[in-house]
Amino acid sequence: MSRPFLAWLGGIVGTVLCCEMMFQALPVSTSTETGYYIDPVILSYPPHQTWVTSTGWDLRNVQRHKANNAGFLSKHDFERNPNAVALIGDSFVESSMLPPEDRPGPQLERALGGRPVYAFGCPGSSLLDYAERIRLVTEKYSIRDVVILMERFDLRQSLCGSGSIHGPCLDHQTLQLRTETREQPGLAKRMLRHSAFAQYLFSQLKLNPERLWQQAIVQSRPAVLSQQAIVATTNTVPSMEVLDRVASTFFDRIRGRISGNLVIVIDSDRTALYRKQPIVDPARTRFIASARAEGAKVIDTELIFGAQLQHSALKLDVGPYDGHLNRLGIAIAMGAAAIQLH
């Protein structure tokens, strides 16, 4: 082995070690180690797990977290309590980028005058995953009232292969329900989870080696084939029939489980609201109608956010880099939910 090569290799190793030491001292997002700890199709963190989150290359919104006894980021440990309210959703419910008191669970609890709210939020999930959490909260914790905070694309993200599935999903071709659980990480990935430098690359910079490889393959093909690939990726909006089947499957799976109130808060196209543009979303409109026909109390945030923006220029997002609801947006949404529960 030549000396120049050894010198080059030593320089690479030394640079990586220096980066590792530097990032170990910074509040880089740490591994969450999510898994199926409490249920075969419900992802959660390990109970009492501690971890750090931050946003972007410059490590904004640093928060230090600890999961509760069931592995969720919630103010309360979960116990059987018919008086509690279950708040279910994805990263919109977890809101890990916000201080604890600004998150949806504590804000809804304050709006309810102190009635306990159990937050069952987990990132990267969708509507059919929420049905499984409804099963859990009604069977294990005897909860009667449920609030769902829906992201706008929860319907289409319930289709198998969307990348936002924890368990049950709908096959968009056969329209049959099947299960798509997350694979357990291999040894290499488990080791990288403990590297601050690797976490910075993958969590902060969102570096995705698989995506980079796919882009390299596309760019290496003839221009005609590349153009076809681009067209194929843009024509992926599911049909109304498929989205209707997702909605009907969801209500079929929760029917008879909730003995109290089901309140669904559904997010809206806030970018269009800021620009005062008309919003045309027939799938969302049809879902709202279906949910009300099933007896749910639906809060259309297009109306309440629109009313807020009529007299205020304040945005409702965490920032231009993060479309999650900020403290004000959450307060408006959870205040409306509390009214439906009183």
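In the next few minutes I will go through a pocket, a surface patch, a disulfide and a salt bridge in this structure, which is a predicted model.

Let me begin with the second largest pocket, which holds about 240 Å³ of space. Its lining is made up of 18 residues, and those closest to the centre of the pocket are Leu73, Ser74, Lys75, Pro100 and Arg103. If we ask which elements give two or more residues to this lining, they are strand 4 (60-66), helix 2 (91-94), helix 3 (104-111) and strand 6 (117-121). Sorted by character, the lining residues divide into 7 nonpolar, 5 polar and 6 charged.

Turning now to the surface, you can find a nonpolar patch of about 710 Å², to which Phe5, Leu6, Trp8, Leu9, Ile12, Val13, Val16 and Leu17 belong. One of these residues, tryptophan 8, sits in helix 1, which covers residues 3-24.

Next come the links between side chains, and here it helps to recall that a disulfide is a covalent bond between the sulfur atoms of two cysteines. The structure has 1 disulfide, formed by cysteine 160 and cysteine 169, whose sulfur atoms lie 2.1 Å apart. This link is right-handed, with 95° about the S-S bond.

Finally, side chains of opposite charge can pair when their charged atoms come close. There are 17 salt bridges in the whole structure, and one of them joins arginine 327 to aspartate 102, at 2.9 Å from N to O. Where in the chain do these two partners lie? Arginine 327 is in helix 13 (residues 327-341), while aspartate 102 is in the loop between helix 2 and helix 3, so that this pair links distant parts of the chain, 225 residues apart.

Methods:
Residues are numbered from 1 along each chain as its sequence is written. This is a predicted model: local features need pLDDT of at least 70, side-chain atom pairs count only at pLDDT 80 or more; totals for chains, interfaces and linings use all residues. Side-chain values use heavy atoms; hydrogens and water are left out. On a 1 Å grid over the protein atoms alone, a cavity is a set of points where a 1.4 Å probe fits but cannot get out, and a pocket is an open set with protein on both sides within 12 Å along at least five of seven lines; lining residues have an atom within 4 Å of a point. Grid points are joined across faces, edges and corners, and a volume is the space filled by probe spheres set on the points. Helices (H or I, at least four residues) and strands (E, at least two) are DSSP runs, numbered from the N terminus. Ala, Val, Leu, Ile, Met, Phe, Trp, Tyr, Cys and Pro count as nonpolar, Asp, Glu, Lys and Arg as charged, and the others, Gly among them, as polar. Patches are made of residues with over 30% relative accessible area and no salt bridge: like charges are joined within 9 Å, nonpolar side chains (Val, Leu, Ile, Met, Phe, Trp, Tyr) within 5 Å. Accessible areas come from the Shrake-Rupley method with a 1.4 Å probe; for residues, only the protein chains shown count as cover. A salt bridge is a side-chain nitrogen of Lys or Arg within 4 Å of a carboxyl oxygen of Asp or Glu. A disulfide is a pair of cysteine sulfur atoms within 2.5 Å.
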